[in-house]
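User: Hi! I would like a close look at one part of a protein model, with some of its surroundings for context. Here it is.

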Amino acid sequence: MTRITPALGRACLLACLLAAGAGSARAADEASSPYVTPQADVDVTYTIYPPHDTSQTMSQRMRWSASRMMQRVDPANATTYMITDYRAGTLTVVNADQKIKTIIPAPGAANVQMGQRAQGSWLRTGVSKVAGLPCALWQTQDTDQRSSEICYTDDGVMLEVIRDGKVMVEATSVNHATQDASVFETPPGLKELRAAHP
């Protein structure tokens, strides 16, 4: 069985944040919420800060294919990565070294749609610049139902997450390049393991 380690759990944060604020059933109009799904292909490197010990940061790369509605997250210095297929509603954890994969339901997959702004309660609080790009600051509830401020570009790229006045996630580089289909393909010949239950 594959266990989700703390480091991999933090890596899952990016997939979960796509569904931030999506718990409400009401649709938001254009003036009251951001795009929270990238509207075009993008390659972003993030620094993730732990809740307590700011000296232990981790880096991870997120690539997004708008046409395929797929996301790949690669934590730095790890052989494990994640491919989320939002159309299929699956998140595949791949360990290429051990030649294994685990498939679980994608968090918030039903709420990730292209061309639609976020659902839920959002309050625009200002503007900022992260990784050299302008973004709008939006206050909402994150996937843990805690109040957070998230900075999104106009085309739905998440650049920063702030909780309790502390930066939790911050983009360090953003490349709006077309992503090759091979990036999102699961390698052939992997053994599938069932996910461990808590």
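Is methionine 69 buried or exposed, going by its relative accessibility? Please start there and then take me through the disulfide and the aromatic residues.

Analyst: Happy to help, and please keep in mind that this is a predicted model. Methionine 69 has a relative accessibility of 5%, so it counts as buried, the cut-off being under 20%. You will find methionine 69 in the loop between strand 2 and strand 3 (70–75). Its backbone deserves a look too: phi is positive, about 55 degrees, although the residue is not a glycine.

Aspartate 164 also has a positive phi of about 55 degrees and is not a glycine either. Its place is the loop between strand 10 and strand 11. Aspartate 164, however, is exposed, at 64% relative accessible area.

Now to the disulfide. Searching the whole structure turns up 1 disulfide, which joins cysteine 135 to cysteine 151 with an S to S distance of 2.1 Å. Cysteine 135 belongs to strand 8 (residues 133–141) and cysteine 151 to strand 9 (residues 147–152), so the bond ties together parts 16 residues apart in sequence. The torsion about the S-S bond is about 95 degrees, and therefore the disulfide is right-handed. Both ends count as buried: cysteine 135 has 4% relative accessibility, and cysteine 151 has 0%.

Strand 8 also brings us to the aromatic residues. The structure has 3 aromatic pairs. In one of them, tryptophan 122 meets tryptophan 138 edge-to-face, with 6.4 Å centre to centre and 80 degrees between the planes. Tryptophan 122 sits in the loop between strand 6 (100–105) and strand 7 (123–130), while tryptophan 138 is in strand 8, so this pair links parts of the chain 16 residues apart. Both tryptophans are buried. Ring pairs join Trp122, Trp138 and Tyr152 into a cluster.

Tyr152 leads on to the nonpolar interior. The largest nonpolar core has 34 residues, and Tyr152 is among those touching the most other members, along with Val44, Tyr46, Met62, Trp64, Met158 and Val169. Strands that each supply at least two residues of this core include strand 2 (58–65), strand 8 and strand 9. A second, separate core has 7 residues, including Tyr81, Val94, Phe184 and Leu190.

Tyrosine 81 has a charged partner as well: the charged end of arginine 72 sits over its ring, 3.8 Å from the centre. Arginine 117 likewise places its charged end over the ring of tyrosine 35, at 4.2 Å from the centre.

Note on methods: Residues numbered from 1 in each chain as written. Predicted model: local features only at pLDDT ≥ 70, side-chain atom pairs only at ≥ 80, totals over all residues. Heavy atoms only, no water. Disulfide = S-S within 2.5 Å. Helix = DSSP H or I, 4+ residues; strand = E, 2+ residues; numbered from the N terminus. Buried < 20%, exposed > 50% of the residue type's maximum accessible area, 1.4 Å probe, protein only. Core = buried A, V, L, I, M, F, W, Y, C linked by side-chain atoms within 4.5 Å. Phe/Tyr/Trp six-rings, centres within 6.5 Å; stacked < 30°, edge-to-face > 60°. Lys NZ or Arg CZ within 6 Å of the ring centre and 35° of its normal.
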